[in-house]
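User: I would like to read this structure step by step, with a reason behind each answer. Could we begin with how its strands are joined?

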Amino acid sequence: MREGSLDAPTRHPLDWNNPDFYDLEKLDAEMRRVLDICHGCRRCFNLCDSFPRLFDLVDASPTGELDEVDSKDFKPIVDACTLCDLCYMTKCPYVPPHEFNLDFPHLMLRYRAAERHHGHKDAIGDQLSQTDRNGKLAGLVAPIANWASERGNALTRPVMEAVMDVHRDAELPKFNSKTLVARAKSEPSAVNRAAPAFGKRKAAIYATCFGNYNNPDIGIAAQKILAHNGVELRVEYPGCCGMPRLEQGDIADVAKKARVVAEAFSPLIDQGYDIVALVPSCALMLKFEWPLILPNDPLVKKLAQATFDISEYIVDIAKKDGLAPGLKPLEGGVTLHLACHARAQNMGAKATEMMKLIPDMKQGESLAVIERCAGHGGSWGVRKEFFEVGMKVGKPVMRAAVKENKAHIASECPLAGLHIRQGMEREGKDKDGFVLPPKAEHPVELFAKAYGLL
Ligand code: SF4
Ligand code: SF4
């Protein structure tokens, strides 16, 4: 829910094919217009590091106004934005249809796209954001890649920091030698099977790059829950949604990926399949960002309308069809972090609703819910320059999770989960009685556990 306005926020298509989008004078004029409104408003002071950077800059200028700030100093503000969308979705009263027509995250995106257009590319960011290529290569040598990327590896991590700009202390996701799609083919008991007689739904699980290459267990948990509930299943991975490329300002590449994935899913949607994304950032791309990048593409529109976030889909089954029996209480309680990109889907707190379907799971008792940005921001949060910034932004989340001291820590965003658990390790190390959960989990993994399916 957004503060201060009764109108539902809307968003204009990204005008990325218009040369004005990349015109540096026009961009600067728009930056000054928007940053001045933000300086007068300041509601977003504690959401991330972008706004404090802006406000400090203005406060340090001779007049205390934006007109004394040099435009070259805007770049650190843009660099600190993770495109989490929270300012747009939860705070800003000036988003369309308001006449100020303010869309801070998309302005940050435009700035990065313009930098790119004028030849200022982030070469390392470009490499880190090639998730399909990196996932395939690392999967071929998964044990070695996982050994090399292990936090605390004194041999490899300083080299990775020097060569790849990946902070030596950042927790990195693991790679798997067997992708989710490969597991789905070799373990057909859980997928690609005909629905039981009571089943009415058909779903294609969109594996997502993280679910396919890094943590197939999330997809396996989702499959088992949906199969148990009589959903006819497929697991598909036509390619990455392009969120990491969006962070790099490469809108043309995102558009290319959108066309490929939308074309691949189109025949399945025609056959009645719902498309279910395992990671909120990817669901957000399919539902909202792609239609703003390709507003006239009918297949992108069709895919947006057929897409569900995994928690949203399970709650939808519970509400409309009723859940299959078998859920049992989970021991030890759960601290649940709601991902920014789940909140940005404007669908309500579906992960909270899903967890509350588990017997004895009561918010404020066995279930602690944290609705605040964890500060990770994809590949941004592992970079040398930004890792500690991300830790600072996420500190209130990590402190709250340590205070809750539950047996499970879960986030809908798997990268945020790793980041939060690492912060809990730091924050909780001297706290008596605090026990660090052995791993960060996706809420569907906990739901599958409550069903006794894992
Ligand atoms: S999108 Fe997120 S990170 Fe970017 S400015 Fe808004 S709140 Fe900050
Ligand atoms: S994004 Fe909107 S709510 Fe946030 S500081 Fe700027 S004007 Fe205020």
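User: How many bridges join strand β3 to β4?

Analyst: Strands here are DSSP runs of E with at least two residues, helices are runs of H or I with at least four, and both are numbered from the N terminus. This is a predicted model, in which local features need pLDDT of at least 70 and side-chain atom pairs pLDDT 80 or more, while totals for chains, interfaces and linings use all residues; side-chain values use heavy atoms without hydrogens and water. Residues are numbered from 1 along each chain as written, with chains lettered from A and ligands numbered from 1 in written order. Strand β3 covers residues 273–277 and runs parallel to β4, and the number of bridges joining them is three.

User: Which residue is the bridge partner of Val-276 in β4?

Analyst: Two strands count as paired if DSSP finds at least two bridges between them, and β3 and β4 are joined by three. In β4, the partner that Val-276 meets is Phe-308.

User: Which are the edge strands of the open sheet with the order β2-β1-β3-β4?

Analyst: This open sheet has four strands with parallel pairing, and its neighbouring strands are turned by 30° against each other on average when direction is ignored. An edge strand pairs on one side only, and here this holds for β2 (232–236) and β4 (307–309).

User: At about what angle does helix α17 run to β4?

Analyst: Helix α17, residues 310–320, lies across β1 (202–206), β3 and β4, where contact means heavy atoms within 4.5 Å. Axes are lines fitted to C-alpha atoms, for helices over the stretch in contact, and angles between N-to-C directions run from 0 to 180 degrees. For α17 and β4, the angle is about 95°.

User: Why is one side of β6 and of β8 left without a neighbour in the sheet?

Analyst: The other open sheet, again of four strands with parallel pairing, has the order β6-β5-β7-β8. Because β6 (367–370) and β8 (440–441) stand at the edges, one side of each is left without a neighbour, and what each has is a single partner strand.

User: In β7, what is the bridge partner of Val-334?

Analyst: Strand β5 (residues 334–337) runs parallel to strand β7 (residues 408–411), and four bridges join the two. Helix α21 (residues 414–428) lies across β5, β7 and β8, at about 140° to β7. Within β7, Val-334 is partnered by His-408.

User: Which helix gives the largest share of the shell around ligand 2?

Analyst: A residue is near a ligand if one of its heavy atoms lies within 4 Å of it. Around ligand 2 the residues include Cys-38, Cys-41, Cys-44 and Cys-92, along with Arg-42 and Arg-43. The largest share, three residues, comes from the helix spanning 24–41, which is α1.

User: Which elements give two or more residues to the shell around ligand 1?

Analyst: Ligand 1 is surrounded by residues including Cys-48, Ser-50, Phe-51, Cys-81, Cys-84, Cys-87, Phe-104 and Pro-105. The elements that supply two or more of its shell residues are α2 (50–59) and α5 (104–117).

User: Which two residues does a cis peptide bond join?

Analyst: Most peptide bonds are trans. In this model a cis bond, with omega about 15°, involves Pro-97, which is found in the loop between α4 (86–91) and α5. The two residues joined are Pro-96 and Pro-97.

User: What is the phi of Asp-165?

Analyst: Most residues other than glycine have a negative phi. Asn-346, in the loop between α18 (340–343) and α19 (350–355), has a positive phi near 60°. Asp-165 is in the loop between α9 (157–164) and α10 (180–186), and although Asp-165 is not a glycine, its phi is positive, at about 65°.
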